[in-house]
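Student: I am new to this one. Could you walk me through it, a few questions at a time?

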Amino acid sequence: MQNRAIIENVTPNIEGGKYYIKRTPNETIEITAHIFGDGHDEVNARILYKSAKQKKWQTSHLYHIANDEWIGNIAFEYEGMYSFTIEAWIDHALDWLIGIRKKILANVDVKVELKIGKEHLSKIMKLAGAKDKVLIKSYIHKIDDVNEYEVAIKAMNDIVLERIIKQYQLAEFSTKHDVEQLIKVENKKATFSTWYEFFTRSASKEIGKHGTFKDCEKVLPFVADLGFDVLYFPPIHPIGNNFRKGKNNSTTAKPGEPGSPWAIGSPDGGHKAINKELGTLADFKMLVSKAKSLNIDIAMDIAFQASQDHPYVKEHPEWFKWRPDGTVQYAENPPKKYQDVLPFNFESNDWKGLWNELLSVVMYWIEQGVTIFRVDNPHTKPFVFWEWLIKEVNKKYNNIFFLSEAFTRPKIMAKLAKIGFTQSYSYFTWRVTKSEIIGYMNELTQSELREYFRPNFWPNTPDILPFHLHNKGYAASAMRFVLAATLSSNYGMYGPVFDLLETESFNGKEEYNNSEKYEIRNWDWTTMTPMRKLIKLMNAIRNKYEAFQTTYNIEFVDNDNPMLLSFIKHANDKSKSLFIVINLDDNFKQSGHTKFDAEKFAKKAGIVKVNDLLNGESYDWKTDWNYVELDPQILPAHIFEIL
């Protein structure tokens, strides 16, 4: 073996290239590696990358930082699958140039070294473009002319010569890293999306009346006006009758109570059927079409479980677990019991039949126009199943998104993201203090998670009313909303419960009283409350400023008050950065001084003008420390544009 370069510790590298890293078009991938060789010869390296459709590698430079650490960047303009690896070699041409320059500086005769250089330049000329071929020939001519020794020596210090040698890399006896890391470049909405959730059956304006898809159509302009681009519905399928849950999760439903939509299946059908009280399939497809005309994607809930009335129970009893007394095993999370829901038995002898049927469910709804799926409790099903299902979907369809609703242990959440889930619910819901928020954001943006885990921040869900929102008003909800919308480029909310400030808990638990999961509610879809005004304004800011369209560009800033959170969000090209300060105390006014580094905003020391995008007021700031004050009853945050 004649290759002498060593390549180690290449990042990003997801389990030896087993899983792909995730990006959207033009989103940068920073690649690092430890690269070195024996002796004192110059080492060079580059990134090799290509799309899945290409056979020939393209190249991009790697740059030496220090201590044999190298760095480079690539980005892809178009969606699709790509891969990259690293190539390194002893760069004899560059080693020659550096060496001859040292000898010339020391007044050493370099006639022989010039002849050696001619050999390198002759090889480089075969790689060069037409204009550079002419330049290379001129250098060779100077070397060959025995009467122009001094001219040749002087030419060795030309910047152009150095540029040519570095540009046309003679990768002789190169080492290629043995791992090709996959990259999936997905639609922009994978990185930047704004979700709103409501129950279809609660869309009616008439009190007590079951809502329909036609009623939902009437709500679409409201959702669009607030600035949301994803509308997520809980399951829209028939709901089981046996063991149906009643108000506030009562084990016995009263006549007329609708039950939980997650108890899927009845004699009317299962996962490919629609609850007839909502309307028809044609009505649903019309709703999807009208939503798209408003730039809203309908996200469908995929809950792979069944009610005791689901047709699967009779048609495929082998897909469920049966107890010794002849009854079927319902879902449990002791001491909680979910008698209305049956988990599938993924260890069934007919597991292949089960897998194929569940894949057909997803494919069916894609054919009806659905492109985004919020997957309920994916961590309670085998990882290999999801990995297979998502790959099978991707073979036929592009840009189908899967949001993982898995509030579970960190390594499990990470695994789901690795195997293909586009976005993931996150621990933001329970990160409250300044140190918790900063620590969590650093974990998401500065660890390996950044490469494959796209968080989606939700202040609340139908299942979760966090303790810090219990019986609170505008200030608490506004603060949690602004945190979600500024920290993460993907966020969502369960509204109108959230935007109408319904925060009464059930028996002090992290659950809503009079939960919409078990009853039909009716909402005011027209009043522009202070909370809704804030949501609309914040979404408009997010759409206008690129700095809010990625999660991974955050930089926290020092201040002297633990109840104030200060950070910067940078645009990709640093052309526009925003300075955000949020009051984490929803009870009291907080004030303090926050550091402002002028250089981070390409400003000179002195006074700069800042404009608050939330209240429209302008201030003169010093380029060191500045006083801020926030009353949570008025506004939870400052979002400063530096003018």
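Student: Which residues of H1 are buried?

Tutor: Happy to start there, keeping in mind that this is a predicted model. A residue counts as buried when its relative accessible area is under 20%. In H1, the residues that meet this are Ala 93, Leu 94, Trp 96, Leu 97, Ile 100 and Ile 104.

Student: Why are they on the same side of H1?

Tutor: An α-helix has 3.6 residues a turn, so residues three or four places apart point the same way. On the other side of H1, Lys 102 and Leu 105 are exposed. The buried residues sit on the same side because the arc they cover around the axis is only 155 degrees.

Student: What do the buried residues of H1 pack against?

Tutor: Their partners include one strand, S4 (43-51). The others are helices: H2 (111-125), H4 (149-155) and H5 (159-167).

Student: Now for rings: is the pair of Phe 579 and Phe 601 stacked, edge-to-face or tilted?

Tutor: The structure holds 44 aromatic pairs. In this one, the ring centres are 6.4 Å apart and the planes stand at 40 degrees. Planes under 30 degrees apart would count as stacked and over 60 as edge-to-face, so the pair is tilted.

Student: How many residues apart in sequence are the parts that this pair ties together?

Tutor: Phe 579 belongs to strand S25 (residues 577-583). Phe 601 is in the loop between strand S26 (590-595) and strand S27 (607-612), so the parts tied together are 22 residues apart in sequence.

Student: Which ring does the charged end of Arg 480 sit over?

Tutor: The charged end of Arg 480 is 4.3 Å from the centre of that ring. The ring is that of Phe 428.

Notes. Residues are numbered from 1 along each chain as its sequence is written. This is a predicted model: local features need pLDDT of at least 70, side-chain atom pairs count only at pLDDT 80 or more; totals for chains, interfaces and linings use all residues. Side-chain values use heavy atoms; hydrogens and water are left out. Buried means under 20% relative accessible area, exposed over 50%, partly exposed in between (1.4 Å probe, protein chains only). Helices (H or I, at least four residues) and strands (E, at least two) are DSSP runs, numbered from the N terminus. The arc is that of the directions from the helix axis to the C-beta atoms. Contact means heavy atoms within 4.5 Å. Rings of Phe, Tyr and Trp (its six-membered ring) pair if their centres lie within 6.5 Å; planes under 30 degrees apart count as stacked, over 60 as edge-to-face and the rest as tilted. A charge sits over a ring if NZ of Lys or CZ of Arg is within 6 Å of the ring centre and within 35 degrees of the ring normal.
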